[in-house]
Amino acid sequence: MEIVKIITDILIIGGGTAGCHGAIHAKGLDPKLDVVIMEKAGIKRSGCLAAGVNAINAYLSEGETPESYVDYVKKESHGLIREDLTLSIGKKLNHMTEKLEAYGLVFLKDKDGNYIVRGKRSIKINGENIKPILAKKTIESGAKVLNKVIATDYIVEKGQITGAYGFSLEMDKFYVIKAKAVICTTGGASGIYKPNNPVEARHKMWYSPFNTGDGLAMGIRSGAEMTSFEMRFIALRTKDTISPTGTIAQGLEVGQINALGENYMKRYENKSTPMRLYASILENFEGRGPCYLDTRKVTKDQVEELKKAYLNMSPSIILKWHDEDIDISKEPVEICGSEPYIVGGHGQAGYWIKNDRSTSVKGLFAAGDVCGGSPKKYVTGCMAESEIAVESAIKYLSSIKISKDFDNNKIESEIKKVFYPLYNKNGFFSAQDIEEKLQKIMDEYAGGISENYKTNEEKLLKAKKLVKKLDKDIEKIKCEKPLEVLKYNELINRILVAKVVIEHLIYRKETRWKCYQERSDYPNLDNENWFKFVNSVYNQKENDIVIIQRDFQRVM
C-alpha cells in the first residue's frame, strides 16, 4: 500500500454542504491558502443534499429577525438550546441564501421578483442540482478534493489535532494529512437504530444513509466534549418511502388526520415538530391509526407541482404513487415515524463548541450537522457555521506551528487498526452481522421504533451491557474487500456513538423532548432539575464515558 503524505493549511473532513461551502469561503478569503477536502463519497453527490432539496427552510421572511429565529428554535426545543450559536446562525441565514443564488441555484419567484415563501422561514427552490453547483464552485475555488477517501481518525500530537488519516476506496493508498487546522463537517450518524424500512429506504430519513457518525466518533476518541446525544432526531415521514412530509404539509397547507378522519392535532396545544410526531405515535397506540396527511381536496395542478418538488429530492415517492396507482387528491398520504438519528441539524447532538466553532480540542473546528446545541439550522445554517469555522481557523493559523515530520510508527499502527479484518485468520463475522445486532439492541432497549421511542433505566442498562459485549464480536470480523473494510470502520464508529447515546439517555432523568428523548420512568418535563445540557467526554485509556453538566446561558 502506498502511503501518501500531505501537508496543508486547512483540512476539511466531509464534502457535504458545510464542507464544500467552507472550502469555497476559505479560498475566497485567501486564494494562497492550501485547503484539502477529504470526502468518502464524491462531492458532486454527497452528504444530506445528495439527492437535492426543494426548499430553503432557514430563511428570514419579511417581519422575521435573527432574534425571532432564536425564539422559534427555543420553542421547538423546550427552551434548551445554545442561544449564542443559534443567534450567530440567524444573523447569516439570508446572506447564505443570496450566496446560493449567486452560485446559480434556481429560486422560485413571483411576478414581482420576490421569493415564493412556504412559511415564515421557508422559500421554494429548484434544488435537484444544489450539490453539483456547490461541487463545481468548490473545484473552481482551487481547493484540493480527495474523493472516495475515508477518514479513519485524527492525528493527535501533544493534545492538539494536527491532521487525519484516511484510505482510498479506489486506489491502494493510505493518506496521512497534516494540517495546521482541521474542520469537521461529516454530518450525523444513521444506522445506530434498526431501520424503519429495510429495503430501498434503509436508513433514509432525508439525511444521508452514508452519514455513519465517523466525525463524531473521531472526536469522541480524541477526547472532544460532546453534547445532547440523548436528543435523537426522529422524523415524521411518508410511509415506506420515508420522504419529507413538510413538502406536503407546508406546500399544500394540509393537516394531519387519523383513520377516523379527525384532525387530531387540534387536541394538542403545542404544534411543534416533535409534537406532530408524538401525536401521530399516540393516535396509532390508542387505536386510531394509521395517520395521514389529508390531501383529498388538493387540485390536480397542486399534485403536479408537488410531484415536481419531490422529483427534486425524493423521487421514490412518485414511483410508489405510480406503481400503486395512487391519486393523492382522492386518498390521503400515510405517515409514520423514522428511526432515531443522531444529528445537530434538526436535533442538537454533536460537538460542544464555542461561538467561533472551535471544539474543546485544540486545532479542531466543526460546522454543520456535526455540531451540537443549535437545531433547526438546515442548509443555510450549516453554510453559516462553515463560514464562522473557516474564519476562526484562519485566525488560528497565524498563531500555530506544526511539525512537518511524520511519525511512521503511528502510521503503521493506524494502518494495522484500520485493516485488521483483512488479516484476521480467525474471523467469521461480517460487519453487517454485528451492525444488525447493534440495531436490534438499540431498537428494543434504547427507545427505537418497536418501543414507540420510549425507554427506561432497566432497558438502558441492559442496552449498555449488550453493546459493550459487541467489542468482543468486533474482534471476530473478517473482511476480503476494501468496501467491507469501510463497513467495518463505519461499524466501529456507530458502536462508539451508540455507547455515548446510551450514557446520555441514562443520565437525563426527565422527558424533555417527547419521542426524541422519552423516559417512561421519568415521563414529565423537569425544568427545576434538568434545564441544563448533558455533555460527555470519552476517556480512551479507561474506556469510560464521563458525563459533564453544562448550564444554560442566556444571551437574549
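This section describes side-chain contacts and backbone features in a predicted model.

Salt bridges are considered first. The structure contains 45 of them. One joins Lys40 to Asp214, with a nitrogen-to-oxygen distance of 3.0 Å. This contact connects distant parts of the chain, since Lys40 belongs to the loop between β2 (35-39) and β3 (53-56) whereas Asp214 belongs to helix α6 (residues 214-221), and the two are 174 residues apart. Asp214 is buried, at 11% relative accessibility.

A second salt bridge pairs Arg121 with Glu64, and here the closest N and O atoms are 3.5 Å apart. Arg121 is placed in the loop between β5 (117-119) and β6 (122-127), while Glu64 is placed in the loop between β3 and α2 (66-76); the contact therefore ties together parts of the chain that are 57 residues apart in sequence. With a relative accessibility of 17%, Arg121 also counts as buried, because the limit for that class is under 20%.

A third salt bridge runs between two helices. Glu503 and Lys464 form this bridge, their closest N and O atoms being 2.9 Å apart. Because Glu503 lies in helix α15 and Lys464 in helix α14 (residues 457-474), the bridge ties together parts 39 residues apart in sequence. The two partners fall into separate accessibility classes: Glu503 is buried, with a relative accessible area of 14%, whereas Lys464 is partly exposed, with a value of 39%. Salt bridges can also share partners, and in this way Glu262, Arg267, Glu283, Glu286 and Arg288 are joined into one network.

Aromatic contacts form the next group. The count of aromatic pairs comes to 12. Among them is the pair of Phe233 and Tyr516, which has an edge-to-face arrangement, with 5.9 Å from centre to centre and 80° between the planes. Like the bridge between Lys40 and Asp214, this pair links distant parts of the chain: Phe233 is in the loop between β11 (226-227) and β12 (236-238), Tyr516 is in the loop between α15 (482-507) and β19 (518-519), and 283 residues separate them. Phe233 is buried, with a relative accessible area of 3%, and Tyr516 is likewise buried, with a value of 3%. Elsewhere, Tyr165, Phe167, Phe174 and Phe419 make up one aromatic cluster.

Charged side chains are also found over aromatic rings. Arg82 lies over the face of Trp352, at a distance of 4.4 Å from the ring centre. In another such contact, the charged end of Lys178 is positioned over the ring of Phe406, 5.8 Å from its centre.

The cysteines were examined for covalent links. A search of the whole structure yields zero disulfides. For Cys371, the closest cysteine sulfur is that of Cys184, and the separation of 7.9 Å is too far for a bond, because a disulfide requires sulfur atoms within 2.5 Å. Cys371 counts as buried, at 0% relative accessibility. Cys479 is buried as well, with a relative accessible area of 3%.

Several backbone features remain to be described. Most residues other than glycine have a negative phi, and most peptide bonds are trans. Against this background, the peptide bond from Gly289 to Pro290 is cis, with omega near 0°. Pro290 is located in the loop between α8 (273-285) and β14 (291-293).

Positive phi values occur at two further positions. Ile242 is a residue other than glycine, yet its phi is near 55°. Ile242 is found in the loop between β12 and α7 (246-249), and it is buried, with a relative accessible area of 1%. Tyr453, also not a glycine, has a positive phi of about 70°. The position of Tyr453 is in the loop between α13 (431-445) and β18 (454-455), where Tyr453 is buried, with a relative accessible area of 2%.

Key: Residues are numbered from 1 along each chain as its sequence is written. Side-chain values use heavy atoms; hydrogens and water are left out. Buried means under 20% relative accessible area, exposed over 50%, partly exposed in between (1.4 Å probe, protein chains only). Rings of Phe, Tyr and Trp (its six-membered ring) pair if their centres lie within 6.5 Å; planes under 30 degrees apart count as stacked, over 60 as edge-to-face and the rest as tilted. Helices (H or I, at least four residues) and strands (E, at least two) are DSSP runs, numbered from the N terminus. A charge sits over a ring if NZ of Lys or CZ of Arg is within 6 Å of the ring centre and within 35 degrees of the ring normal. A salt bridge is a side-chain nitrogen of Lys or Arg within 4 Å of a carboxyl oxygen of Asp or Glu.
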